[in-house]
Amino acid sequence: MKKTFFLLLLTLGLSTQAFNKKSNNPISNLVLKIELLANKFSISKEAIQHAFNAYEKLKLSGQLLNQQYLTIADFSKPSSEKRLFIIDINKMELVLQTLVAHGRNSGTLFAKNFSNTNESYQSSLGFYITGNIYRGKHGMSLQLSGIESGINDHAKQRAIVIHGADYVSNNLIKKQGYIGRSLGCPAVPQNEVKEIIQTIKGASLLYIYAPSNYYSKKSKLINEPSLIS
């Protein structure tokens, strides 16, 4: 009887250790958190997977100084929806969700066309690292560096930045069914631009996502071996 009881305790102990090892696995936990974020906040699961994988790679390479926040512009959604998500990586919580514009030549309600070309007035997909705050013709603005060659690396010469715009508003949605469009910048509501910029400034990661076969094939960041798959 004692021998049977001892074996039962040993089995339970080994099972508990196995469970603890599994639950303490950061990769397993991250995959679970991605699932939860996608479901809870209705963000494209593919967008979150791409973004978190690139975040881990860029963090390891030392390119992200502001490691607390990850921003996703989910252009699989219409511009009438709040499709800009700022995620606190440390807490795995959504700290802000709001409207964001796409380029005027990318589409009307949905962004469907993308370009890295000057004066295309289209959005560019892919990963950006945020830079410094400056005051330009749109007021308080945030510099962006496109880090994907041939996809968005002309962002600086195209003056693609985050700025506030009056045309990114619920009033326009009520009137015409969609917000206004930019010349390619991810423009945000004027009354939220300061909070957004102050939160994600200083080398944090921004991912502008849309389902695109061209981007999926060309992006090295999402095609290199994943750290979380």
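**Note on the predicted fold**

1. Asp74 stands opposite Tyr209 in E8. These two residues belong to a pair of strands, E1 (residues 69-74) and E8 (residues 205-209), which run parallel and are joined over five bridges. Strands count as paired if DSSP finds at least two bridges between them. Strands (E, at least two residues) and helices (H or I, at least four) are DSSP runs numbered from the N terminus.

2. This is a predicted model, in which local features need pLDDT of at least 70 and side-chain atom pairs pLDDT 80 or more, while totals for chains, interfaces and linings use all residues. Residues are numbered from 1 along each chain as its sequence is written, and side-chain values use heavy atoms, leaving out hydrogens and water.

3. The chain holds seven helices and eight strands. Of its 229 residues, 48% are buried (under 20% relative accessible area; exposed is over 50%, partly exposed in between; 1.4 Å probe, protein chains only). Among contacts (heavy atoms within 4.5 Å) with a separation of 6 or more, 62% join residues 24 or more positions apart.

4. What is the strand order in the open sheet of eight strands? The sequence of neighbours is E3-E2-E1-E8-E4-E5-E6-E7, and the pairing is mixed. E3 and E7 (188-189) are the edge strands; each has a single partner strand, so one side of each has no neighbour in the sheet.

5. At the E3 edge, E2 and E3 pair in the antiparallel sense, again over five bridges. Asp88 has Glu93 in E3 as its bridge partner. Four residues separate the strands of this hairpin, and Met92 takes a positive phi near 55° there. The loop between E2 (84-88) and E3 (93-98) also contains Asn90, which counts as exposed because its relative accessibility is 61%. The C-alpha atom of Asn90 is 6.1 Å from that of Gln68, although the two residues are 22 apart along the chain.

6. Helix H3 (residues 45-60) lies across E1, E2, E4 (126-136) and E8, at about 150° to E8. Angles run from 0 to 180 degrees between N-to-C directions, with axes fitted to C-alpha atoms, for helices over the stretch in contact. The buried residues in H3 are Ala47, Ile48, His50, Ala51, Phe52, Asn53, Ala54, Tyr55, Lys57 and Leu58. At 1.5 Å a residue, the 16 residues of H3 should span 22 Å (1.5 Å times one less than the number of residues), and this agrees with the 23 Å between its end C-alpha atoms. After H3 comes Gly62, with a positive phi near 80°.

7. Helix H5 (residues 193-200) lies across E1, E2, E3, E4, E5 (139-146), E6 (161-165) and E7. The angle between H5 and E5 is about 40°.

8. How many salt bridges does the rule (side-chain nitrogen of Lys or Arg within 4 Å of a carboxyl oxygen of Asp or Glu) give? The count is one salt bridge. It joins the side chains of Lys45 and Glu35, with an N to O distance of 2.6 Å. Lys45 is in helix H3 and Glu35 in helix H2 (residues 26-41), ten residues apart, so the pair links distant parts of the chain. Lys45 counts as partly exposed because its relative accessibility is 35%; Glu35, with a relative accessible area of 29%, is partly exposed too.
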